[in-house]
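Welcome! Please take a look at the structure below, then work through the exercises at your own pace.

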Amino acid sequence: MEQQREGEQTPPVRHRHRRPLVGRRRVLTWLAVGTVAALGGGVTLRQSLAGADEPAARPAPGGGGSPAPAGHRHGTGAPPPASGSPQPSAPPPPVDQSGRKWSDAAGWGGKVPGAGSAVRITDKVVLDADAEVGSLLVEKTGSLVFAADRSLTLASAGNVEVRGTLALAPDGAHTHTLRFPEVDERRFAGGGMTVVDTDTGLWVTGQGYLRLDGAPRTAWARAATALGPGDSTIRLAAAPTGWQPGDELAVTPTAPPDTDDFSTSYDLVTVERVDGATVTLTAPLKNAHPRVAIGGGAVFGAEVLNLSRNVRVEGTEKGRAHVHLTSSRPADVRHAALRWLGPRTDGKDSWNGKPVTEPVLGRYGLHFHMLLDTSRGTVVEGVVVRDTGSHAFVPHASHGITFRGCVSHDTWEDAYWWDGPIDTRTPQGPSDDIAYEGCVASRTVYEPNPRGYRLTGFSLGAGTGSSARDCVAVGVQGAAGASGYEWPETSEGVWTFERCLAHNNLENGVFVWLNAEHHHTVTQYAAYHNGGWGIEHGAYLNDFDYTASVLYGNAAGGIAVHALGRDKGTVFDGLLIDAAGQSDYAVSTLKHQLEGEAVTLSRSRLTGYRKAGVAFRATGDGEPDDIAVLDCEFGGPRGSELWLDPEAPEPKEILFRPAGQGQTVALTKGEGGQGLAGGGGNAGWNAATAPAEAPAPPRAVALPALAFTDSAPKTGRVTAG
């Protein structure tokens with residue numbers, strides 16, 4: 001990927017959004033038509049008529065932003081609210097369908113624009129028939145509204161730029177589609193703040209308003225029963241809203257990690273009929289999707305994702321477009337399917353004799369670009385981004401955006417993400433008050449997969465006031481450090497993180513590689529059937545509290561501990577860690593780069609491991625273990641409670657006090673591994689012990705009681721207008 005940051009201005013020769021050259025006859029045509037020009041262009045079509053005369057929103061660095069325009073949700077003429085303040089609730093602007101009809105030739109000077117035409121709209125236009133254009137510019141005085149009572153497709157060979165209003169808001173019986181059928185990904189330049197002629201897609205600039213407002217559909221619901229090959233019906237845990245015959249569904253994998261294709265065994269099926277909570281399919285399932293009881297009162301069926309919407313923005317399988325928003329006016333994007341977006345280009349590397357492709361910088365599925373406070377109040381609801389070559393949802397340096405009931409499926413690169421720094425020594429730029437509510441990252445991929453280090457479904461980046469609740473990460477591919485959820489090392493974001501699930505990811509459920517000064521809390525988290533760890537926790541020093549969570553049947557184990565504590569120390573408290581026979585250890589320490597405060601594992605139950613509940617495996621080229629295992633229960637049918645790796649260095653301190661006992665011992669390396677001093681020992685520990693003082697008195701085990709929802713949050717249409 002280019003080292004230049006996405007928000008930087010790119011060289012003007014490559015990236016300036018140019019006006020096309022026009023002759024005297026075409027100038028006279030514009031003057032005669034008045035508000036609209038339809039220009040034939042053919043092969044040499046220019047992709048936009050607009051130049052840079054209407055700058056995109058560029059709030060001053062450091063926050064503050066520009067005052068909201070009159071009638072804006074922030075209040076007439078008032079500046080946007082400060083970071084962390086309540087979101088505004090004023091209604092969105094109405095959609096006016098009183099404009100002249102697209103099909104009326106008189107409004108175009110006698111000829112309706114066709115394929116190859118560069119169209120510029122300065123008045124109100126209602127699209128009432130399918131149309132093909134070469135490019136489209138909706139000026140700030142103009143609007144293009146699709147007729148609500150018709151199924152319509154607008155196909156554009158070049159850019160669609162919106163400075164005024166673009167609205168696709170069909171009734172429930174019809175479908176609106178904006179399609180880019182002739183994208184050439186090889187021409188993309190990427191980067192910058194302004195429209196780029198070669199980078200075909202939907203651009204919302206200046207004070208443009210975008211409304212994608214489809215009929216509500218329940219984004220996902222869990223199966224209420226186990227599903228098997230040959231099943232042609234699915235009974236859901238809750239009756240879905242808005243599902244229709246012909247809808248495409250993705251059924252997520254749930255099988256244990258010792259099963260072939262455990263992270264990729266999706267079923268893609270089509271709805272034939274919906275009767276309450278029972279969905280009949282047009283063809284039977286091919287894979288098994290067991291229902292998994294993980295403990296803590298939680299039983300999870302496969303998520304059934306609805307990938308269909310009646311508002312669509314899409315490229316093609318052979319040419320991916322993108323959606324780029326720099327407008328100072330918050331968009332309304334609800335119940336839309338964004339498909340075949342996120343272009344890629346050949347990189348410098350090759351793999352198995354073929355070029356390795358890279359994402360084009362700044363050209364993503366749904367990209368809010370450097371809006372700062374002007375994006376506050378934006379709600380993205382019930383949106384699907386699928387079959388996309390780059391990041392799906394990107395609130396880059398854009399604050400106060402809520403993503404509710406959204407789905408990323410079969411996308412490349414981190415699905416929910418914003419721009420990282422140029423290197424690991426530079427802090428990531430923040431996006432504040434971002435909310436992920438009931439969102440799904442499903443089948444996130446990388447090219448080539450062995451190089452997909454730290455690929456993630458949700459990148460929990462820098463900023464304040466952000467949250468992830470009731471989300472699901474499933475089928476994330478990648479290599480070492482890949483995960484469903486990641487706290488990246490350049491982030492200092494503190495997130496509210498609760499009731500999130502990670503399962504059937506190729507590597508980890510959670511991956512933390514953060515050296516942080518702030519304190520972080522993870523609660524009501526569940527991870528099952530991941531191919532790595534339920535939690536892989538690093539990097540050097542940080543403070544985290546993991547509470548009331550369940551880790552079940554993860555192939556490497558429940559928890560890997562790389563990082564020691566910074567100030568308060570990292571605490572794992574009140575967990576149920578059931579290896580379910582999949583791993584040697586429930587918990588394992590690994591290399592500690594720096595000496596720090598102690599890690600505490602407390603009031604938890606560890607079971608189902610093959611060799612030991614907790615393995616102390618600090619490496620000789622790092623710092624020794626410093627960990628307390630206090631008031632925990634052990635229930636493995638095989639193995640011992642603890643094991644000190646003979647290759648590990650002498651620990652700084654390992655304290656152990658079993659649940660229900662008052663005696664605390666310290667483990668050290670000892671000849672012969674004699675176990676507990678004074679009797680009651682276990683030679684399997686491979687350690688000697690001595691009496692010690694614990695930092696806190698005994699407490700009872702506190703097993704978690706999980707409270708997960710079995711379907712996406714309820715969503716609705718934009719109500720005003």
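## Exercise 1: Strand β8 and its partners

Alanine 155 stands opposite arginine 179 in β11. This is a predicted model, in which local features need pLDDT of at least 70 and side-chain atom pairs count only at pLDDT 80 or more, while totals for chains, interfaces and linings use all residues. Residues are numbered from 1 along each chain as its sequence is written, and side-chain values use heavy atoms, leaving out hydrogens and water.

**Task.** Find which strands pair with β8, and in what sense.

**Solution.**
1. Begin with the terms: strands (E, at least two residues) and helices (H or I, at least four) are DSSP runs, numbered from the N terminus. Two strands pair if DSSP finds at least two bridges between them.
2. Strand β5 (residues 131-133) pairs with β8 in the parallel sense over three bridges. Here valine 133 has serine 156 in β8 as its bridge partner.
3. Strand β11 (residues 176-179) pairs with β8 over four bridges, also in the parallel sense.
4. Now check the cover: in β8 (residues 152-156), four of the five residues are buried, where buried means under 20% relative accessible area, exposed over 50%, and partly exposed in between (1.4 Å probe, protein chains only).

## Exercise 2: An open sheet

**Task.** Trace the order of the eight strands in the open sheet, and find its edges.

**Solution.**
1. The order is β36-β39-β42-β45-β48-β51-β54-β56, with parallel pairing.
2. The edge strands, each pairing on one side only, are β36 (456-459) and β56 (640-644).
3. Inside this order, look at β45 (residues 533-538) and β48 (residues 557-561), which are joined by four bridges. Isoleucine 535 has isoleucine 559 in β48 as its bridge partner.

## Exercise 3: Histidine 399

**Task.** Is histidine 399 buried or exposed, and which residues does it contact?

**Solution.**
1. Locate histidine 399 in the loop between β31 (393-398) and β32 (401-404).
2. Its relative accessible area is 6%, so histidine 399 is buried.
3. Contact means heavy atoms within 4.5 Å. Leaving aside neighbours within four places in sequence, histidine 399 contacts Leu372, Asp373, Ser375, Arg376, Pro430, Ser431 and Asp432.

## Exercise 4: The whole protein

**Task.** How many helices and strands are there, and what share of the residues is buried?

**Solution.**
1. The secondary structure comes to two helices and 59 strands.
2. Of the 721 residues in the protein, 58% are buried.
3. Among contacts between residues at least 6 apart in sequence, 75% join residues at least 24 apart.
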